[in-house]
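Here's a quick briefing for anyone meeting this structure for the very first time. Have a look at the model, then follow the bullets topic by topic.

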Amino acid sequence: GDMLCFQHNPEDKLHKNQQPSLLHTLCTDSYLDVQKTVTWFNVEVPTVWTVTRHAHVYDLKVLPSSRSCKLQLKNTSSGEKLLAELLFGVQQGHSDIFLSSQNSEAGFTPSTVWPQSFAVAEKRFLQYVARNAGRKSCHLSCLRLFAHIQVGTGFSIDTIRTVFFHLLTTTDLENWHRRNFINQLENILQHLQCCLKEKRLHHFFLGNQKLPKEIVLPHTFRAARPLNLFQHLEQDTDAYCQALSDFEVLRDLVWLQLKC
């Protein structure tokens with residue numbers, strides 16, 4: 001409607017022409033606040049839902065959440081429930097990198113902190129691979145298997161995905177035909193093992209000159225020095241020994257899964 005944009009209007013004009021301003025509704029000081037954004041969104045969604053064409057088919061309930069919008073849709077006829085979670089993101093320029101409302105890996109994340117997310121860039125990369133690898137490629141099957149098995153092994157899905165993405169950019173995509181499924185699983189394990197021995201695993205989107213140009217990144221990303229995600233293994237002997245042990249567990253789980 002007549003709501004003024006708080007980004008492109010001076011604050012005194014906002015105070016004079018509208019109360020309360022979205023600047024105060026969504027922000028803490030000069031920072032966009034995740035929890036305030038979620039609260040505002042959770043209040044608005046049920047109101048908007050009542051005037052949609054789906055309102056008579058599904059009852060909508062907003063579930064408690066501090067950094068996302070969690071919705072429960074219940075079919076009024078069958079009683080079937082559908083759960084959906086909406087994350088908020090702020091795009092960095094015109095790139096595929098976003099600042100996300102999700103929690104950081106470190107645990108507690110202040111409400112004015114928006115961790116960087118590579119989810120869109122990762123999706124773009126997988127779309128690029130799908131176009132060039134062909135319909136009978138096994139790369140997604142390999143990724144799904146490792147994503148399932150790595151839980152509880154000490155390796156995060158981000159680590160596995162980084163190893164996997166590097167391998168996709170350094171090997172011929174034609175070799176990922178589904179007839180080579182087992183060979184590619186071996187290659188992923190070998191590549192991870194080499195990274196552990198060298199204590200070096202570079203971030204996939206920072207300083208990676210082999211990235212397809214279809215992936216839109218901030219200029220500073222491509223020009224950056226490679227970031228070693230395994231640097232902590234050089235400084236912590238116990239962590240390195242644990243990582244080697246975790247690798248043995250992961251490798252055994254892969255072969256156990258293939259025998260089932």
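Let's start in helix α6, where Asp-158 and Arg-161 sit three residues apart, about one turn of the helix. Helices here are DSSP runs of H or I with at least four residues, strands are runs of E with at least two, and both are numbered from the N terminus. Keep in mind that this is a predicted model, in which local features need pLDDT of at least 70 and side-chain atom pairs count only at pLDDT 80 or more, while totals for chains, interfaces and linings use all residues. Residues are numbered from 1 along each chain as its sequence is written, and side-chain values use heavy atoms, leaving out hydrogens and water.

**Salt bridges**

- Side chains of opposite charge can pair when their charged atoms come close.
- A salt bridge is counted when a side-chain nitrogen of Lys or Arg is within 4 Å of a carboxyl oxygen of Asp or Glu. By that rule there are five salt bridges.
- Back in helix α6, the side chains of Asp-158 and Arg-161 form one of them, at 2.4 Å from N to O.
- Is Arg-161 buried or exposed? Arg-161 is buried, with a relative accessible area of 18%, whereas Asp-158 is partly exposed at 28%. The words work like this: buried is under 20% relative accessible area, exposed is over 50%, and partly exposed is in between, using a 1.4 Å probe and protein chains only.
- This pair also has company, as Glu-122, Asp-158 and Arg-161 are linked in a network of salt bridges.
- Another bridge joins the side chains of Arg-124 and Asp-96, at 3.1 Å from N to O. Arg-124 lies in helix α4 (residues 119–133) and Asp-96 in the loop between β6 (89–91) and β7 (98–100), so this pair ties together parts that are 28 residues apart in sequence.
- Asp-96 is buried, with just 6% relative accessible area, while Arg-124 counts as partly exposed at 36%.
- Over in helix α10 (residues 237–259), Glu-248 and Arg-251 are three residues apart, or about one helical turn. Their side chains meet in a salt bridge at 2.2 Å, N to O.
- Both partners are partly exposed: Glu-248 has a relative accessible area of 33%, and Arg-251 has 26%.

**Surface patches**

- Patches are built from residues with over 30% relative accessible area and no salt bridge; like charges are joined within 9 Å, and nonpolar side chains (Val, Leu, Ile, Met, Phe, Trp, Tyr) within 5 Å. The areas come from the Shrake-Rupley method with a 1.4 Å probe, and for residues only the protein chains shown count as cover.
- Which residues gather in a patch of positive charge? They are Arg-135, Lys-136, Arg-178 and Arg-179. Lys and Arg count as positive and Asp and Glu as negative, with His and the chain ends left out; each charge is placed at NZ of Lys, CZ of Arg, CG of Asp or CD of Glu.
- Within that patch, Arg-179 lies in the loop between α6 (157–170) and α7 (181–198), and Arg-179 is exposed at 64% relative accessibility.
- There's a nonpolar patch too: Val-249, Leu-253 and Leu-256 make up about 240 Å² of surface. Val-249 belongs to helix α10 and is partly exposed, at 39% relative accessibility.

**A buried strand residue**

- Gln-72 has its place in strand β4 (residues 69–75) and is buried, with a relative accessible area of 16%.
- What is Gln-72 in contact with, leaving aside neighbours within four places in sequence? The list is Asp-59, Leu-60, Lys-61, Leu-63, Lys-81, Leu-82 and Leu-83, where contact means heavy atoms within 4.5 Å.

**Backbone angles to look at**

- Most residues other than glycine have a negative phi.
- Asp-29, though, has a positive phi near 60°. Asp-29 is in the loop between β1 (27–28) and β2 (31–32) and is exposed, with a relative accessible area of 69%.
- Lys-199 also isn't a glycine, and its phi is positive at about 55°. You'll find Lys-199 in the loop between α7 and α8 (219–223), partly exposed with a relative accessible area of 23%.
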